[in-house]
Amino acid sequence: YAVASSNCGVEYMTAKYQASTTCDHGGAMLRIAVIEVGYGKSTYASMNNTELPKTNNYQTIPMCVKNNQYYWPCDTGDSVVGFVKLWSADGYQGGVFKNVDISANPPVQSLSTTINIK
């Protein structure tokens, strides 16, 4: 969904199937926001093929839908349809970020997304 860094601020992945950031990210802070539609039961992320500690998923925000639009935070009483997961990759100056999650509902599938961070 988005990449934020000390060098570039926030860059949203606006193009469908965007494979890479356009900004040259880096600096002390590197954060990645992933939108997960549905319910996962086992999530992990890696940066340059090195698995990030689970604690690097520093925030998970419930996401809802209204009028075919996803939004967060959810309003009281709305049904949660997914989550926004915020990951820290602080210290990395770029590379390949990969997020993988296994569905909690049948059919159980492993889904992933990858972005090349410049």
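**Sheet edges, disulfides and ring pairs**

Let me begin with a single contact, in which methionine 47 has threonine 50, a residue of strand E5, as its bridge partner. I should say at once that what we have in front of us is a predicted model, and everything I describe this morning should be heard with that in mind.

That bridge belongs to the pairing of strand E4, residues 40–47, with E5, which runs in the antiparallel sense over two bridges. If we step back from this pair, we find an open sheet of four strands in the order E5-E4-E9-E10, with antiparallel pairing. Strand E5, at 50–51, and strand E10, at 110–117, each have a single partner strand and stand at the edges, so one side of each is left without a neighbour in the sheet.

Let me turn to the cysteines. How many disulfides does the structure hold? There are two, and when the bonded cysteines of the protein chain are numbered in sequence order, the pairing reads 1-2, 3-4.

One of these disulfides is formed by cysteine 8 and cysteine 23, whose sulfur atoms lie 1.8 Å apart. This pair links distant parts of the chain, 15 residues apart, since cysteine 8 is found in the loop between strand E1 (2–5) and strand E2 (9–12), while cysteine 23 is found in the loop between E2 and strand E3 (30–37). The link of cysteine 8 and cysteine 23 is left-handed, with -85° about the S-S bond. As for exposure, cysteine 8 has 23% relative accessibility and therefore counts as partly exposed, and cysteine 23, with 24%, is likewise classed as partly exposed.

The other link joins cysteine 64 to cysteine 74, with an S to S distance of 2.1 Å. Here cysteine 64 lies within strand E6, residues 57–66, whereas cysteine 74 lies in the loop between strand E7 (69–71) and strand E8 (80–88), so that the disulfide ties together parts 10 residues apart in sequence. Because the torsion about the S-S bond of cysteine 64 and cysteine 74 is about 110°, this disulfide is right-handed. Is cysteine 64 buried or exposed? Its relative accessibility is 0%, so cysteine 64 counts as buried, while cysteine 74, at 23%, counts as partly exposed.

The aromatic side chains are my last topic, and the count of aromatic pairs comes to three. Among them is the edge-to-face pair of tyrosine 1 and tryptophan 72, at 5.5 Å centre to centre and with 80° between the planes. Tyrosine 1 belongs to the segment before E1 and tryptophan 72 to the loop between E7 and E8, so this contact ties together parts that are 71 residues apart in sequence. Both rings are partly exposed, tyrosine 1 with a relative accessible area of 40% and tryptophan 72 at 28% relative accessibility.

A further edge-to-face pair brings together tyrosine 39 and phenylalanine 83, at 5.8 Å centre to centre and again with 80° between the planes. Since tyrosine 39 lies in the loop between E3 and E4 and phenylalanine 83 in strand E8, the pair ties together parts that are 44 residues apart in sequence. Tyrosine 39 is partly exposed, with a relative accessible area of 40%, whereas phenylalanine 83, at 18%, is buried, because the cut-off for that class is under 20%.

Ring pairs also link Tyr1, Tyr12 and Trp72 into a cluster. Finally, arginine 31 places its charged end over the ring of tyrosine 58, at 4.8 Å from the ring centre.

Terms used:
Residues numbered from 1 in each chain as written. Predicted model: local features only at pLDDT ≥ 70, side-chain atom pairs only at ≥ 80, totals over all residues. Heavy atoms only, no water. Pairing = 2+ DSSP bridges. Disulfide = S-S within 2.5 Å. Buried < 20%, exposed > 50% of the residue type's maximum accessible area, 1.4 Å probe, protein only. Phe/Tyr/Trp six-rings, centres within 6.5 Å; stacked < 30°, edge-to-face > 60°. Lys NZ or Arg CZ within 6 Å of the ring centre and 35° of its normal.
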